[in-house]
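User: Please take a close look at one part of this model, the second chain. I would like its sheets and the helices packed on them described in one connected account, with a short word on the other chain at the end.

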Amino acid sequence: MPFIDDILRYQSLSIVGLEKNTGKTECLKYVLERLPLEHKRIAVTSIGIDGETTDQVTRTQKPEITLRPGMYFGTSEMHYRQRRLVSELIDVSDISTSLGRVVTARALTAGKILLSGPSSGPALRHWMGDMKRLGIDLVIIDGALSRLSSASPAVSQSMILATGAAYSANMTTLINKTAFVVELINLPLTDEDTLARLDPIDKGVWTIDRDGTLRELNGVTALSQDLRFEGMEQCQTIYVAGALVDGFVEKLRKNRALRQVELVVRDFTKVFATPQQIHLLNKVGIRMTVLQRSHLIAVTVNPTSPSGYVLDSQQLCSRLSQAINLPVYDLLAMQATIRG
Amino acid sequence: MQLKNVIDSPCGLRYVLDQLELQSGYARRWMLDQHMMTHASDIQAAYAELKHFDHLLDNIDNTRLNTLRFKLQALKDIRTTIGNLAHHATLDDIELFEVKHLAILSTDVARLMSEQGMAEVIPIPDLGPVISILDPDGMKIATFYVYDSYCAELRELRAQMRQHPNQQDDLLLQASELEEDVRNDLSRRLHPWATAIEQAQVALARIDVDLARAQQMRQMGLCFPTLSDDATCHYHGMFNPQVKDALASRGRQFQPVDIAFGLQPTLITGANMGGKTVVLKTLTLCQLLFQFGMGIPAAKAQMTIKDDVYFCIGDEQSVERGLSSFAAEMKSIDQVIQASRTDRRILALIDEPARTTNPTEGAALVTALLQLMLDRPVSLVMTTHYDIEPGHARCLRVKGFEDGQMDYSLVEVQHGQVPHEALNIAQSLGIDPEWLALARNLLSH
């Protein structure tokens, strides 16, 4: 079965969709139906969408997930009370959501449950720590829609990306946009020495000179308008701890002293610069690396857009697969073929 | 008065409380809800209890201590659930889980405590029967669901559910009604235990708090106080934990202070930067720690019980509220005077009263305050820079600059005459010499 064995090599997996209706839930179902439960304790939760515009209304639109006996799951008190399966409560955590605390239980029969887990990255990490103590081998996170941060390597070791016609109905645009996200996810790790030096730093812009001196660019964030790169002839590495945006990338590219530097970001979720700017960086010889990387296991596609437009599934899979050098699956088509 | 009402007193109580290594959030909330003790028997009982925990730390091995801490970390605040149980509500699965979890936890902690000979110190109600109700299969693990063994019919339905997954929705509906009956029955059987469950929860919080306090006494070098036979308070080697730690981080040492005072007003004078305010802060801190049953930052402390503790310091909060600094100060001292007309036992610590007004009226206000407090049930300790006639008040003076070094110890003097060291100290701070020279010039005329 495609990519199920790959998932089992990691302790955590995030499934994220680039847009609504790109088949994220289909993908989660596919995974949950097929994971072997005999030798592994598997827990599933979903990251709620913290704050902002999304509320309980949107959350309750989240589809019910079907669990198999023996699976563990984390959800809010409210959704636990509405469960449609027999399950044993294992833990009531201190993590609160707008729907009550997050509770963890083990399914005793097959059945349906609405998942509404921790609603922030730190809370999710806390819950995952609890799972480790409870002896869980693999945690699967139903990521937030169009929020790649829920697949940050700070949270999960591996990820599956769902994309499709809902993200763009033009096949070439869809492929290019998806390929860019994959490119970011697959950015290479920096070397171990640089990692050890930069990992503890969580804000500001820093440089490492050829002689190894680590310096902070004073009073500067990568968002600053008045950002200047001066006296940087010795600079070998630039580290942006926060968000990487177009303005910064452009200034960096236009500085001739910085043509061979390594640009380090924490992980792919910190890159907010456009594909054009990132690609121009490569052209002038600036290499991008990350401190943390999650392993992209697979990309799935849903060729049908919500408006009803359907892309050619086979063509989409093969062209995207070629562009990203990874297997691409249309899970619905695959299952139809098997059943047919 | 509850601990949470005084935690942000400018005396630095929060600093000490924040350093307690409490294992559960509930223990902290419980501690902050405690009332200040004003009866000797309560305070003595609290310290006797704390002494048991001090001995416990001497005797317990590390593995057991860590196990105990680990258990206490799992303590949750389930007061809402207990309230529901007490009010005859039917508990849901999550609430039943919480009750079972607490019951098993308290049994585990009770066993650990009794292995250390501490069973009598903080009695934990035996919740064995509660566990039996919620653990029909005797699994002894803190998980819960409406077990099959509660109801044969339910068992049958669930078996069908497993065999016929396509009829699941119907079967689930039938099962959920049976489950609700079981929960009803369980809640009814648990109802008489509501009080015991609550007591167990409080007992566990108390163990957590006592353990953290005993541990803190060792880490910070705090002492067990004794209750004074008369109205006099004696501190030997008193120190301020926060200032001490701040100095230590700069590689410097805190100089402990000896001080005694009774009902006779005490006036502290001394050079600027002589630590007078720190003395008042620490006295306030010690009194609060004492009446909430915590270790005292001193080598030895002989203490008296007060009904009210007033710490009047240039209160920035009142100023922020729009009162002038003088008005804020007058109002807070006025509170002390009003309270002193009752028979309440009062400790009043007043830092440089009337400092922001002209010295003539200021000195008169201070002198009058000393006279007013003379025959009242008030232990008044006050600092001042004014030259005043102390009358029957005791005078203490910070030793001050000697050989270029500040000596913070307090010496008893006959008269409250204030040292004239302001210019020397300003000079040692590197303040503009032209300004200081002009001032010296003015003084000599």
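Analyst: Chain B, in this predicted model, has a secondary structure of 18 helices and 10 strands. Its radius of gyration is 30 Å, whereas the globule rule gives 22 Å for 445 residues; chain B is therefore more spread out than a compact globule. The extents of the C-alpha trace along the principal axes are about 110 × 50 × 45 Å. Buried residues make up 36% of the 445 in chain B. Among contacts in chain B with a separation of 6 or more, 74% link residues 24 or more positions apart.

Two sheets of chain B can be taken in turn. One is an open sheet of 6 strands with mixed pairing, and its order is E6-E7-E8-E4-E9-E10 (chain B). Its edges are strand E6 (308-312) and strand E10 (405-413) of chain B; each has a single partner strand, so one side of each has no neighbour in the sheet. From one strand to the next, the twist averages 15 degrees.

Within this sheet, strand E7 (residues 346-351) of chain B runs parallel to strand E8 (residues 378-383) of chain B, and 6 bridges join the two. One position in E8(B) can be named: Thr383(B) has Asp351(B) opposite it.

Two helices lie across strands of this sheet. Helix H15 (residues 325-340) of chain B crosses E6, E7 and E8 of chain B, at about 155 degrees to E6(B). Helix H13 (residues 276-291) of chain B lies across E6, E7 and E8 as well, and also across strand E4 (266-269) and strand E9 (394-402) of chain B. The angle of H13(B) is about 155 degrees, taken to E7(B).

H13(B) also leads to the other sheet, since H13(B) lies across strand E2 (233-238), E3 and E5 of chain B. Here the helix runs at about 115 degrees to E2(B). The sheet in question is open and has 4 strands in the order E1-E5-E2-E3 (chain B), again with mixed pairing. Strand E1 (226-227) and strand E3 (257-261) of chain B are at its edges, and because each has a single partner strand, one side of each is left without a neighbour in the sheet. E1(B) and strand E5 (residues 300-303) of chain B run parallel and are joined by 2 bridges. In that pairing, Gln302(B) in E5(B) has Thr226(B) opposite it.

What remains is the other chain. The contact between the chains involves 14 residues of chain B and 15 residues of chain A. On the side of chain A that touches chain B, helix H4 (77-81) and strand E5 (87-97) of chain A are the elements that give two or more residues. E5(A) supplies the largest share, 5 residues. By class, that side of chain A has 8 nonpolar, 3 polar and 4 charged residues.

Chain A itself is assigned domain 1 (4-186 + 294-339) and domain 2 (192-290). The centres of domain 1 and domain 2 of chain A, taken over C-alpha atoms, are 32 Å apart. Domain 1 of chain A gives 8 residues to the contact between them, and domain 2 of chain A gives 5 residues. The side of domain 1 that touches domain 2 in chain A consists of 6 nonpolar and 2 polar residues, with no charged residues.

Key:
Residues are numbered from 1 along each chain as its sequence is written. Chains are lettered from A and ligands numbered from 1 in the order in which they are written. This is a predicted model: local features need pLDDT of at least 70, side-chain atom pairs count only at pLDDT 80 or more; totals for chains, interfaces and linings use all residues. Two strands pair if DSSP finds at least two bridges between them. Axes are lines fitted to C-alpha atoms, for helices over the stretch in contact, and angles run from 0 to 180 degrees between N-to-C directions. Two residues are in contact if their C-beta atoms, placed from the backbone, lie within 7 Å. Ala, Val, Leu, Ile, Met, Phe, Trp, Tyr, Cys and Pro count as nonpolar, Asp, Glu, Lys and Arg as charged, and the others, Gly among them, as polar. The radius of gyration is taken over C-alpha atoms; the globule rule is 2.2 Å times the number of residues to the power 0.38. A residue is buried if 20 or more other C-beta atoms lie within 10 Å of its own, exposed if 12 or fewer, and partly exposed in between; C-beta atoms are placed from the backbone. Domain bounds come from an automatic or database domain assignment.
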